[in-house]
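Please look over the sequence and the fold together before reading on. The paragraphs that follow lead from the overall layout of the chain to its interior.

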Amino acid sequence: MLLSHLHADHCLDIPGLLVWRRYSPNAPTGRVPVYGPAGTAQRLGVASAEVAGEVDDVSDTLDIRPLSDGGTFRFGALTISPSKVDHPPKPTDSASPATPVARSSTRATPACATR
Ligand SMILES: [Zn+2]
């Protein structure tokens with residue numbers, strides 16, 4: 001998975017996937033690679049916690065890999081070049097310090113990732 005940013009509509013389906021991967025006897029084994037901006041593990045951990053105020057350690061199921069501004073990496077058939085963009089609303093806490101958005105060299109550029 002590749003998360004361009006951590007707005008709810010981009011990442012809050014992942015806790016359901018995490019529960020299935022973690023507990024279903026029919027789920028594939030191994031951790032799922034998840035590329036995301038700074039704060040991804042915290043955001044998904046809070047959303048996946050069974051008790052409000054706690055943070056689930058998602059590292060048993062998800063392999064969180066940081067997106068950073070600049071640089072390039074391969075993601076399947078795509079070449080990804082993350083870069084920060086202005087995408088309101090602005091983050092209000094330090095857990096989401098910026099909005100790095102992944103751009104692809106093919107048509108898979110996220111709809112929200114416009115300058
Ligand atoms: Zn957004």
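Two strands are said to pair if DSSP finds at least two bridges between them. In this predicted model, strand 1 and strand 2 meet that condition, pairing in the parallel sense over 5 bridges. The crossover that links the two runs from strand 1 through helix 3 to strand 2, and this β-α-β connection is right-handed. One of the bridges can be found at Val32, whose bridge partner in strand 2 is Leu62.

This pair of strands belongs to a chain with 3 helices and 6 strands, and the order of these elements from the N terminus on is α-α-β-α-β-β-β-β-β. The protein chain has 115 residues, of which 24% count as buried. If one takes the contacts between residues at least 6 apart in sequence, 62% of them join residues at least 24 apart.

Which residues make up the largest nonpolar core? This core has 10 residues, namely Leu3, Leu6, Cys11, Ile14, Leu18, Val34, Leu44, Val58, Leu62 and Ile64. Helix 2, which spans residues 14-23, and strand 2, which spans residues 62-66, each supply at least two residues of this core. In soluble globular proteins, nonpolar side chains tend to be buried together. Leu62, already met as the bridge partner of Val32, is in contact with Leu18, Arg31, Val32, Val34 and Leu44, once its neighbours within four places in sequence are left aside.

Helix 3, the helix of the crossover, covers residues 40-48, and its buried residues are Thr40, Arg43, Leu44, Gly45 and Ser48. These buried residues pack against helix 1, helix 2, strand 1 and strand 2. Towards helix 2, the packing angle is about 70° and the axes of the two helices are 9 Å apart. Helix 2 is therefore roughly perpendicular to helix 3, since angles of 65 to 115 degrees count as such. Where the two helices meet, Ile14, Pro15 and Leu18 come from helix 2, while Leu44, Ala47 and Ser48 come from helix 3.

Why does Leu44 count as buried? Leu44 is classed in this way because 25 other C-beta atoms lie within 10 Å, and 20 or more are needed for a residue to be buried. Not counting residues up to four places away in sequence, Leu44 touches Cys11, Ile14, Pro15, Val58 and Leu62. Leu44 and Asp57, although 13 residues apart in sequence, are 8.9 Å apart in space from C-alpha to C-alpha.

Gly36 offers a view from strand 1, in which this residue lies. Gly36 counts as buried because it has 26 C-beta neighbours inside 10 Å. Leaving aside neighbours within four places in sequence, Gly36 is in contact with Leu3, Leu6, Ile64 and Leu67; Leu3, Leu6 and Ile64 are among the residues of the largest nonpolar core. Gly36 and Ser68 are 32 residues apart in sequence, yet their C-alpha atoms are 8.6 Å apart in space.

His7, finally, lies in the segment before helix 1. Is this residue buried or partly exposed? His7 counts as partly exposed, because it has 16 C-beta neighbours inside 10 Å. His7 and Arg43 are 36 residues apart in sequence and 9.6 Å apart in space, C-alpha to C-alpha, and Arg43 is one of the buried residues of helix 3.

Terms used: Residues are numbered from 1 along each chain as its sequence is written. This is a predicted model: local features need pLDDT of at least 70, side-chain atom pairs count only at pLDDT 80 or more; totals for chains, interfaces and linings use all residues. A nonpolar core is a set of buried Ala, Val, Leu, Ile, Met, Phe, Trp, Tyr and Cys residues joined through C-beta atoms within 7 Å. A residue is buried if 20 or more other C-beta atoms lie within 10 Å of its own, exposed if 12 or fewer, and partly exposed in between; C-beta atoms are placed from the backbone. Helices (H or I, at least four residues) and strands (E, at least two) are DSSP runs, numbered from the N terminus. Two residues are in contact if their C-beta atoms, placed from the backbone, lie within 7 Å. A crossover is right-handed if, with the strands pointing away from the viewer, the path from the first strand over the helix to the second runs clockwise. Axes are lines fitted to C-alpha atoms, for helices over the stretch in contact, and angles run from 0 to 180 degrees between N-to-C directions. Angles under 35 degrees count as roughly parallel, over 145 as roughly antiparallel, 65 to 115 as roughly perpendicular and the rest as oblique.
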